Structures are given as C-alpha cells and as structure tokens.
Amino acid sequence: MSRQNGITVEDMLKLEVMEDCKIVAGFKGIRNTISKVNIMADPDIIDWVQEGEFLLTTAYSFKKDDAEEQKRLIKECSRKKLAGIGIKIYPYLDGLPEEVINLADHLDFPIIDIYYSIPLSNIMTEALKEIFNKQASLLERIEKVHEEYMNAMLEGNGIGELALIVSENIKNPVYLSLDFCNENVEIFDGVDEDIKEFFRKDIKKFYEPISTRSSLKRLEESKVLINGKYIKRMIMPIIVKDNIYGHIFTWAINTPLGGFDLSILESASTAIALGVLQELSVKEVEIRYRSEFFEDLISTDLKRKKKALERAHFFNLNYNDIYIIEVMSFKFILNKGEEFFVDYVQDYVNKVVSIIEDIISNLELHGIVASKMSGIQILLGFEKQGTEQDKLKEFNDLLERELSKKFENMEFKIGVGRAYKGLEDVNKSFSDALKTIRTGKVLTDKRVVTYDELGIFKILCQDFLTEELEDFYNGTLKSLADYDKKKSTELVKTLESYFEHNGNLKKMSDALYTHYNTILYRINRINEITGMNLDDPNDRLNLEIALKIKELLVK
C-alpha cells in the first residue's frame, strides 16, 4: 500500500504491548507499512492524516448504532492510504457492525481491536520506537549499499556489478538497460523460463514506439499480471543532465517492493548516472579531439593538413586506403508539428556518435566520427578498391535502421561523397558529401543519398554556378512562375507533367484530371509566355533544365 519505510501491521501486532489485541478485519492488508502513529479523538482528524499513518482511537468517537458513519470513516482512511486503524471497541460498543467488517475486508484495510485496559499512549510510544529503530537500521543498510555502489564504480567493475548489487539487496529479479553504451544486464536467477520470457516481453513493450512511458523522468510503479497474479513492478529511470540514459526494472516475485527497495533503486540510479556523466565527459573530449583532427584533414591550409596526416596513425587510418566521407544532419520533431534543430546538443550527439562507432566496429571498418555545428561527419576507410560499395551499403542500411529505432522523433539526412584513394584527397569526398546533402534535401525524401544519385545536379550544384543558374532561370522559367502566381494557374505544374510523360498529351490529361483540349491550350500558353517552343529540341532542353534549377534554387 505505502512504500514508506517503517514497520508492517503484522510487526505491530507482535509488540509486547499488543499481546491482548487482535485483528478483526482487513487481514489481507497485514503487510501494509506503518510510517507514523496518530491518536484520533475526533473523526475530523481525517482531514489532516497522511499516507502510511496508523490511527489509534476509541469507539467513543463512533456514533452508536450509526453504521453509515463508521463505514464513511473506514472508506476515508482507505482512500487516504492509511496503514490501518486500532479501535478500543469495549466498553463503548459490543462490537463493530458486520457491514463495517465486510467493508474493511473488501478494502483490505486492517482494523485491530485494542484491549480495553491498554493506554493508547503506550501503544503509540512502543510503535514509534520500533519504527525509529527500523528506519535507522534501513538507513544504515542503504548507506552500506551506497558504499558498495561507489566501490564498484571506482574499481571500474561495470554496470553488471551494479545490477548484481541491486538484485542481492532487494532479493528480486533485476534488469538494467543503459542505452548510452547499448548495454543490457539481466539478473533473473531462480526464475522459471516462462517468467523470464514474460519479463523480456514486458521490457520490450515498455520501449515500444507507441509507448510514451519510457520518456517519463520519474519512477513508475505499477502491477503486471503474471500467472494469474498481480505482481508489483518498479521502473527507475537513469537521468543525466535532464536526459534519460536507461532504466532499472524489478518485479516483486520473491519479496514485496517497499520503501527500502525504492531507496536502493534511487541510489543505484544515482551511482550509474555518475558513471554515465564520467563517460560523457570522456566521450566529449574524444569527439572534440577527433573533430579537430578531421578539420585539419580537410583543410585547405597545407600546414594543418600535413599535421593531420602525421597524426593519422593514431586513429588507425592508413595513408593509401580508399576513403569516403559522409555528412549527416538531423532535427527532432516535437508535439503538434513543432521542431527544433540539434546542431550541437551534447547529449544527442553523444548517443548518435556511439551508435555509429558501434556499427563501424561491428563491421570491422576503419574510420572516425567527428562533429561540428553543422552535424556529424563520418570518415570511412577501405583497404581494397572495389569492395567499398558493398560495405558502404551495409553500413548505411544498419545506420538508418538503428537511428530510426533509437530516435523515433528524429529526422535525418545523410549525404555520401565519392570514394578517393589516399588520405590526402578526403577533402574532395567531403566536398561531394556537402553538395549531396544540400541538394538531396531538395530532390528526394530518401534518408541516405549518394553523390552519384544526383545525376545532372552534380553539375548544377556547384557553388560557383549559383549566379549563372539564377540568370538562366530568370531567362527561361521565371515568367511562367510569375504568371502562375499572379493568375492562380498551373502552367508550371503542366510543364512538369509534360516532361514526366514525354509530351504525351493524353497521359498528361489523365494525370492532371484535366480535359485534353485544356492541356493543349495550356501548352500553347506556355509557349507564348516563355517565348519558347516545346517542339524545338533546344527550347525543350532549356525548359527541362530550368525546372531542375527551380528545384535547386527552391523557387
């Protein structure tokens, strides 16, 4: 019922002062935790009680023969999540009405019949003393467990050791998921295989794309149905710098989960968070070091480039391998269509970089991952020429799948440069990748675009051509676009359809849901407004190129 630290109702009944007292209702609530004891002289005290309190009172405060009033009191006590109530029934009443007893049983709310000669103050004193001793003992145990956590972290034993400490202390199955390093630890010792499988499905469901619970930055307490019985479950998030880096799961299979167990989970979460923070700091330095090396490597400054080439062996990069550079940009979509761009948000960059590095390692590739304000840069090396395309496709397929799975609200684009032999020419691949990602955003919805897929845009996307492209567009298609805007017509759309269907007016008519004669009229108007003739091969080519330039210039 309550997860506060204290003693149970059962523990209270075992006190010497309670020897002649007995529980008369709500037997199933005997494991409720008592964190405080209060004496009620007036039923109005219910407005001031707190969760986990145990009330002591006499039946004098009950209205004789008013069962409804007594039931109201029991309902209120249960609603307030009190641990139970002790009532000195005799000599004020012969007994509690059966309907009151039945209600308490239904609510699993314990009612103890206090022996008439025992002072309530004696019970309160002894119970509070026992609660204090129990809480002091728990604090001592929690402190020792925290020391175990810290020692494990200092000795570099890893998160597996931390998960083991958690399991040993709460005496229940534990699962630790840490997405920062893609590491998971399950400690399901002594649990049947079918229950283990249930735990794994339960965890998977928690992380399902449709679930929003995995993004909550607070403890989740709930119950799950296992073999026809509801079992309590706790899920503690691991939070670093206001971001969630994993969770600790536990299920009350062996023993109940209470306040002590919560403290163990909180302490473990804090210890792991400190470890993650340390790793993040190291990762940040590594990324910065690699980014500086990458900037020197692609620099036009010969001194900087030479300096980078001399340091290449530190990154296991061979001078004469085949190299390809990829450039990645991304943004995150919030609720209601809002979006925020992540240029260099440390927490997200670290996670993405870790995923890329894992894929590079798993595929046994040579490479480094760097980052700067514009996004993430990936340098990949291949020892043998002719093998790079298959490996590159495998790499990008894995990367696209992992990023889509890990970041549901992230939109990303990857531009892939051409392959060049020798580390000295990687700046050319970088230039290709930049053009590809910039142009690819306009041309296609594909997440991964290679330079070779750009077609004629490989020529049109050159930076030094921007002014010439603008002039070409203005002299060919601008008049038609201006006419559409002024008259609310669709002549540019009709022209696009013309090239899409190779000038077949019948197919254009079907595609545009427009009468054949109307299509013919529009073609004549296009010729008149542009001053060109679509029957002329040169004019036709110019207009088709102008349409592509329009996409590139986002006109």
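**Close-up 1. The buried residues of helix α14 in this predicted model are L480, A481 and D484.** Helix α14 spans residues 478–487. Looking down the axis of α14, we find its buried residues within an arc of 100 degrees, so they line one face of the helix. Several neighbours help to cover these buried residues, including α13 (466–476), α15 (491–500) and α17.

**Close-up 2. Turn to the other face of α14, and you meet K485 and K486.** Both residues are exposed, on the face turned away from the buried side of the helix. Follow the chain just past α14 and you reach S488, where phi is positive, at about 60 degrees.

**Close-up 3. A cis peptide bond joins Y90 to P91.** Here omega is near 10 degrees. To find your bearings, look for P91 in the loop that runs between β6 (84–88) and α3 (98–107).

**Close-up 4. D108 has a positive phi although it is not a glycine.** Its phi value is near 55 degrees. D108 belongs to the loop between α3 and β7 (111–113). With a relative accessible area of 31%, D108 is partly exposed.

**Close-up 5. Y513 is another residue to visit, with phi near 55 degrees.** That is a positive value, and Y513 is a residue other than glycine. You will find Y513 in the loop linking α16 (505–511) and α17 (516–530). Is Y513 buried or exposed? Its relative accessible area is 78%, and exposed means over 50%, so Y513 counts as exposed.

Technical notes. Residues are numbered from 1 along each chain as its sequence is written. This is a predicted model: local features need pLDDT of at least 70, side-chain atom pairs count only at pLDDT 80 or more; totals for chains, interfaces and linings use all residues. Side-chain values use heavy atoms; hydrogens and water are left out. Helices (H or I, at least four residues) and strands (E, at least two) are DSSP runs, numbered from the N terminus. Buried means under 20% relative accessible area, exposed over 50%, partly exposed in between (1.4 Å probe, protein chains only). The arc is that of the directions from the helix axis to the C-beta atoms. Contact means heavy atoms within 4.5 Å.
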